[in-house]
Amino acid sequence: MKRLSEYLLLWALGGSVYYGIEMVFRGYSHWSMFVLGGFCLLFFAIQGILTGWREPLWRQVLWCTIFVSSGEFITGILLNKMMQWGIWDYSNQPFQLYGQICVPFTILFSGLSVVGIFLSAYLLHWLYGEEKPVFHVL
């Protein structure tokens, strides 16, 4: 039951934070971004729990950035291309793929991943008594 509570908290927090970031910078968001943001923060925590937070930070960031970009690509293909909801379009960005992901936003997501890794690790430690994370770069 404790683990379910942890996961629900992280999912809701991740969704809220990502939705809020979009509201601040774009002026609008979509409920699907809440769902995706929640799964991303949850992934950040799960990858840390499974590795005991002992993997180098650069590797955790790489995994999380790949997860976020993959999630955005899959969500974009399903919602923007197949269902034609038009939630976002990166077609005018450099190094984009089908207008659903692009290098500039992948770089931005890598920075958000660092924040998400620290946030999820310390929240689990402070609120649920999970193992205290020890981060190292190399």
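Of the protein's 138 residues, 40% count as buried. The model is a predicted one. The accessible surface comes to about 7800 Å². Carbon and sulfur atoms account for 72% of that surface.

Consider the fold next. The protein has four helices and two strands. From the N terminus on, the order of elements is α-α-α-β-β-α. The radius of gyration is 15 Å, close to the 14 Å that the globule rule gives for 138 residues, so the protein is as compact as a globular protein of that length. Along its principal axes, the C-alpha trace spans about 45 × 35 × 25 Å.

Contacts tell how the chain is joined up. Take those between residues at least 6 apart in sequence: 57% of them join residues at least 24 apart. Charges can be summarised briefly. There are 7 positive and 7 negative charges, and their mean positions are 4 Å apart.

Now the interior. In soluble globular proteins, nonpolar side chains tend to be buried together. Here the largest nonpolar core has 25 residues. L10, F44, I117 and F135 have the most contacts inside this core. The elements that give two or more residues to the core are α1 (2–26), α2 (31–51), α3 (57–82) and α4 (103–128). The most comes from α2, which gives seven residues.

I117 is a good place to enter this core. Leaving out residues up to four places away in sequence, I117 touches F44, Q47, W53, L57, Q60, V61, C64 and F135. Two of these partners, F44 and F135, are themselves among the residues with the most contacts inside the core. Three others deserve a closer look: Q60, V61 and W53.

Q60 sits in helix α3. Its relative accessible area is 0%, so Q60 is buried. Beyond residues up to four places away in sequence, Q60 touches Q47, W53, E55, I117 and F135. Q47, W53 and F135 also appear in the list for I117.

V61 follows, again in helix α3. V61 has a relative accessibility of 14%, and the cut-off for buried is under 20%, so V61 counts as buried. Outside its neighbours within four places in sequence, V61 is in contact with S110, V114 and I117. The V114 contact spans much of the chain: the two residues are 53 residues apart along it. Their C-alpha atoms are separated by 6.1 Å.

W53 belongs to the loop between α2 and α3. With a relative accessible area of 4%, W53 is buried. Both I117 and Q60 touch this tryptophan. Its backbone also merits attention. Most residues other than glycine have a negative phi. W53 is not a glycine, yet its phi is positive, at about 60°.

A second residue shares this feature. Q84 has a positive phi of about 55° and is not a glycine either. Q84 lies in the loop between α3 and β1 (96–97). Is Q84 buried or exposed? Its relative accessible area is 66%, and exposed means over 50%, so Q84 is exposed. W53, by contrast, is buried.

Return to helix α3 for T75. T75 has a relative accessible area of 14% and is buried. Not counting residues up to four places away in sequence, T75 touches M33, L36, N80 and W88. M33 is 42 residues from T75 along the chain. The C-alpha atoms of this pair are separated by 9.0 Å.

The last stop is H30, in the loop between α1 and α2. Which residues does H30 touch, not counting residues up to four places away in sequence? They are Y19, E22, W85 and I87. L97 gives another reference point for H30. The two are 67 residues apart in sequence. In space, H30 and L97 are 21 Å apart, C-alpha to C-alpha.

How values were computed. Residues are numbered from 1 along each chain as its sequence is written. This is a predicted model: local features need pLDDT of at least 70, side-chain atom pairs count only at pLDDT 80 or more; totals for chains, interfaces and linings use all residues. Side-chain values use heavy atoms; hydrogens and water are left out. The radius of gyration is taken over C-alpha atoms; the globule rule is 2.2 Å times the number of residues to the power 0.38. Buried means under 20% relative accessible area, exposed over 50%, partly exposed in between (1.4 Å probe, protein chains only). Contact means heavy atoms within 4.5 Å. Accessible areas come from the Shrake-Rupley method with a 1.4 Å probe; for residues, only the protein chains shown count as cover. Lys and Arg count as positive and Asp and Glu as negative; His and the chain ends are not counted. The place of a charge is taken as NZ of Lys, CZ of Arg, CG of Asp or CD of Glu. A nonpolar core is a set of buried Ala, Val, Leu, Ile, Met, Phe, Trp, Tyr and Cys residues joined through side-chain atoms within 4.5 Å.
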